[in-house]
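Me: Got a structure I'd like to go through with you. Can I fire off some quick questions?
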Amino acid sequence: MADLRELYQEVIFDHSKRPRNFHPIVDASRKAQGFNPLCGDKLTVYLKLNGDLIEDVSFEGCGCAISTASASLMTETLKGKSVQEVQHLFEAFHHAVTDDHASAHDELGKLQVLCGVREFPARVKCATLAWHTLQAALREKQGTVSTE
Ligand code: ZN
């Protein structure tokens with residue numbers, strides 16, 4: 001399993017150094033800000049919805065490697081998905097990063113690289129910040145979400 005862990009760390013490192021979809025969407029239909037005071041991670045998630053479909057999703061902000069990589073992987077995963085699929089993935093992802101007994105979640109694909117954070121409870125908030133912010137954007141909540 002050591003090799004797998006190394007591979008996961010490489011993916012996280014890559015996404016934190018070169019985050020994908022790291023830009024605002026000018027004609028976004030929704031956006032929300034997220035803040036994790038525990039670590040200082042701050043990000044804005046932009047969403048472009050086409051009916052029930054995520055036509056485009058992006059983010060910008062500054063945070064630690066985990067929060068940046070997680071937001072990057074999230075935006076990469078969610079493009080083209082329906083809002084229902086997004087909810088399902090959010091639940092699966094949340095479960096995977098918080099529950100020690102979680103079994104393999106094949107549907108998570110690349111997101112699985114973040115499952116290791118469950119060994120570091122303080123980092124779970126970094127990994128889920130982008131997702132909570134996305135939820136806020138979907139619910140059209142104004143203002144800033146805090147993980148606290
Ligand atoms: Zn963080």
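Me: How many bridges join S2 to strand S3, and which way do they run?
Reply: This is a predicted model, to start with. Nine bridges join S2 to S3 (residues 53-62), and the two strands run antiparallel.

Me: Which residue stands opposite leucine 47?
Reply: Valine 57 in S3.

Me: And what does the hairpin of S2 and S3 look like between the strands?
Reply: Two residues sit between the strands. Glycine 51 in that hairpin takes a positive phi near 65 degrees.

Me: Now strand S1. How many bridges join S1 to S2?
Reply: Seven. S1 covers residues 30-36 and runs antiparallel to S2. Lysine 31 stands opposite tyrosine 46 in S2.

Me: How many residues lie between S1 and S2 in their hairpin?
Reply: Four. Glycine 40 is in the turn, with a positive phi of about 95 degrees.

Me: Switching to the metal. What coordinates the zinc ion?
Reply: Cys39, Cys64 and Cys126 each through SG, plus Asp41 through OD, listed twice. The distances are 2.2 to 2.6 Å.

Me: What spacing do the donors follow along the chain?
Reply: C-x1-D-x22-C-x61-C. Aspartate 41 in strand S2 (residues 41-50) and cysteine 126 in helix H4 (residues 121-138) are 85 residues apart, so that pair links distant parts of the chain.

Me: Is aspartate 41 buried or exposed?
Reply: Buried, because its relative accessibility is 1% and the cut-off for buried is under 20%.

Me: What about cysteine 126, buried or exposed?
Reply: Cysteine 126 counts as buried too, at 1% relative accessibility.

How values were computed:
Residues numbered from 1 in each chain as written. Predicted model: local features only at pLDDT ≥ 70, side-chain atom pairs only at ≥ 80, totals over all residues. Heavy atoms only, no water. Donors = N, O, S within 2.8 Å, 3.2 Å for Na, K, Ca; no water. Buried < 20%, exposed > 50% of the residue type's maximum accessible area, 1.4 Å probe, protein only. Pairing = 2+ DSSP bridges.
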